[in-house]
Amino acid sequence: MKTPIYLDNSATTPLDPQVVAAMLPWLTEQFGNPASSTHAFGHAASRAVEAARADVARLVNAEARDVAWTSGATESNNLAIKGAALAAQKRGKHLITVQTEHKAVLDTMQWLEKQGFSVTYLAPQKNGLVDIETFRAALRPDTILASVMLVNNEIGVIQDIAALGAVCRGNDTLFHVDAAQATGKVAIDLAQLPVDLMSLTAHKTYGPKGIGALYVRRAPQVRIESQMHGGGHERGLRSGTLATHQIVGMGAAFRIAGELMADEVPKLRALRDQLWDQLKDLPGVLLNGDFEQRIANNLNISLDIPNCDSLVTTLSDIAVSSTSACSTGGVSHVLQALGSDAAMAGNSIRMTVGRFNTAEEIDWAADYLRSKIEDCRAGRLRVA
Ligand SMILES: *Cc1c(COP(=O)(O)O)cnc(C)c1O
């Protein structure tokens, strides 16, 4: 087996070879600036950018003109939250989010607090899901924006965005959704969902790093203050020369995701379940986050086994992600917010399977992890 086996597809994915092929011409002969309106170089780049915009919009069933390019979901979250808060501050200065959001949301909210906004950070339930009545009760007349992610990046749980958004609509509160982990795994229909702003990124869906998008609803129109000033690109929302090759890559990645999704999701689920089936009966292996309302490719476990807290540091043949709820250092704010016995038990291991994993790899990885856990329990494995 070629190791390490990559089981960290929620951190980033490899590029699909078809995405690389689609990008290459735009790095060589087709180098024009999409904003150059006076010659064929610019026209070709501009057409490619608009075709990619349509591909990205199609995956989330939005209108292409509602999609603005950014550098990734971090920037999209900043633009959506700061932009909406600053544009709506005359109506109110209260925002709501959840303790388990990505740092790109939480740190942005904290910055807004320093600017005089007030933020409610809701605790999720022990399974990671936001309770709808708790959410409803947090809304105030001056709540201008709520931000709740669609899929959690650590534990993979899927929030009920439709229900949360409906509550926001009833309170005249804008609703932002970070969907960085969801594209290609969860069907998203922005024509139906009561969502005003949605952050997207390419590199968790087999596209390149450094490119993302923000969906900004135009009907009814959502006003946001731009955060990057300059040439007025993207209808003034986000200035800066468009990165044609990156944009073409994101378009290709999202088009492929849309084509493959129906077949790929069950395949990912089968691989994930194959892994979980081999681990779930081991004493001390605990699951973090709801198992049902969860994306197909995510497994997040804690080990409640004495002296095995640092087991993850010995797993050199599998590429996984680890965080701890209790120890200092790599503290997971997500597991802490859950506060469940499982989450607090010990170090967590996140394993996320992807398009290019095989059943043989999963078998090998499951055997490997199982034997490491058993060795550790029996005192045969020295962990730091
Ligand atoms: C990865 C991720 C981000 C950051 O996206 P970048 O494109 O890497 O900036 C934001 N939110 C979530 C939920 C993520 O998983």
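In this report Ala, Val, Leu, Ile, Met, Phe, Trp, Tyr, Cys and Pro count as nonpolar, Asp, Glu, Lys and Arg as charged, and the others, Gly among them, as polar. With that division, the residues of the shell around the ligand fall into three nonpolar, eight polar and two charged. The structure is a predicted model, and the values below are computed from it.

**The ligand and its surroundings**

The ligand is surrounded by 13 residues, and the closest of these are T74, D178, Q181, T201 and K204. Helix α3, which spans residues 73–88, gives the most to this shell, with three residues. Three polar contacts to oxygen atoms of the ligand can be described individually: a backbone N or O atom of A73 lies 2.9 Å from an oxygen atom of the ligand, an N or O atom in the side chain of T201 is 2.7 Å from an oxygen atom of the ligand, and a polar side-chain atom of H203 lies 2.8 Å from an oxygen atom of the ligand. Taken alone, the ligand exposes 380 Å², of which the protein buries 86%.

**The pocket that holds the ligand**

Which pocket corresponds to the space taken by the ligand? That space is the second largest pocket, which has a volume of about 160 Å³. Its lining consists of 17 residues, of which A73, T74, H102, A180 and K204 lie nearest the centre of the pocket. As in the shell around the ligand, where α3 gives the most with three residues, α3 also gives the most to the lining of this pocket, again with three residues. By class, the lining of the second largest pocket divides into five nonpolar, ten polar and two charged residues.

**The other spaces in the model**

Rolling a probe the size of a water molecule over the atoms shows where empty space is left. The largest pocket holds about 190 Å³ of space, and the residues that line it are R91, C168, R169, D172, T173, L174, D196, P220, Q221 and V222. In addition to the pockets, the count comes to one cavity of 30 Å³ or more; the largest cavity holds about 40 Å³ of space, and its lining is made up of L303, C308, D309, S310, L311, V312, N347 and I349. The classes of the lining residues are set out below for the largest pocket and the largest cavity.

| Space | Nonpolar | Polar | Charged |
|---|---|---|---|
| Largest pocket | four residues | two residues | four residues |
| Largest cavity | five residues | two residues | one residue |

**Backbone features**

Most residues other than glycine have a negative phi, and most peptide bonds are trans. Against that background, the peptide bond from T3 to P4 is cis, with omega near -5°, and P4 is placed in the segment before β1, the strand of residues 5–6. The peptide bond from A219 to P220 is likewise cis, with omega near -5°. P220 lies in the loop between β8 (212–216) and α7 (244–279), and P220 is also one of the residues that line the largest pocket.

Where is E234 found? E234 is in the loop between β8 and α7, and its phi is near 55°, a positive value in a residue other than glycine.

Notes. Residues are numbered from 1 along each chain as its sequence is written. This is a predicted model: local features need pLDDT of at least 70, side-chain atom pairs count only at pLDDT 80 or more; totals for chains, interfaces and linings use all residues. Side-chain values use heavy atoms; hydrogens and water are left out. A residue is near a molecule or strand if one of its heavy atoms lies within 4 Å of it. A polar contact is a pair of N or O atoms within 3.5 Å; within protein, one must be able to donate a hydrogen and the other to accept it, and residues adjacent in sequence count only if both atoms are side-chain atoms. Accessible areas come from the Shrake-Rupley method with a 1.4 Å probe; for residues, only the protein chains shown count as cover. On a 1 Å grid over the protein atoms alone, a cavity is a set of points where a 1.4 Å probe fits but cannot get out, and a pocket is an open set with protein on both sides within 12 Å along at least five of seven lines; lining residues have an atom within 4 Å of a point. A molecule sits in a cavity or pocket if more than half of its atoms lie within 2 Å of its grid points. Helices (H or I, at least four residues) and strands (E, at least two) are DSSP runs, numbered from the N terminus. Grid points are joined across faces, edges and corners, and a volume is the space filled by probe spheres set on the points.
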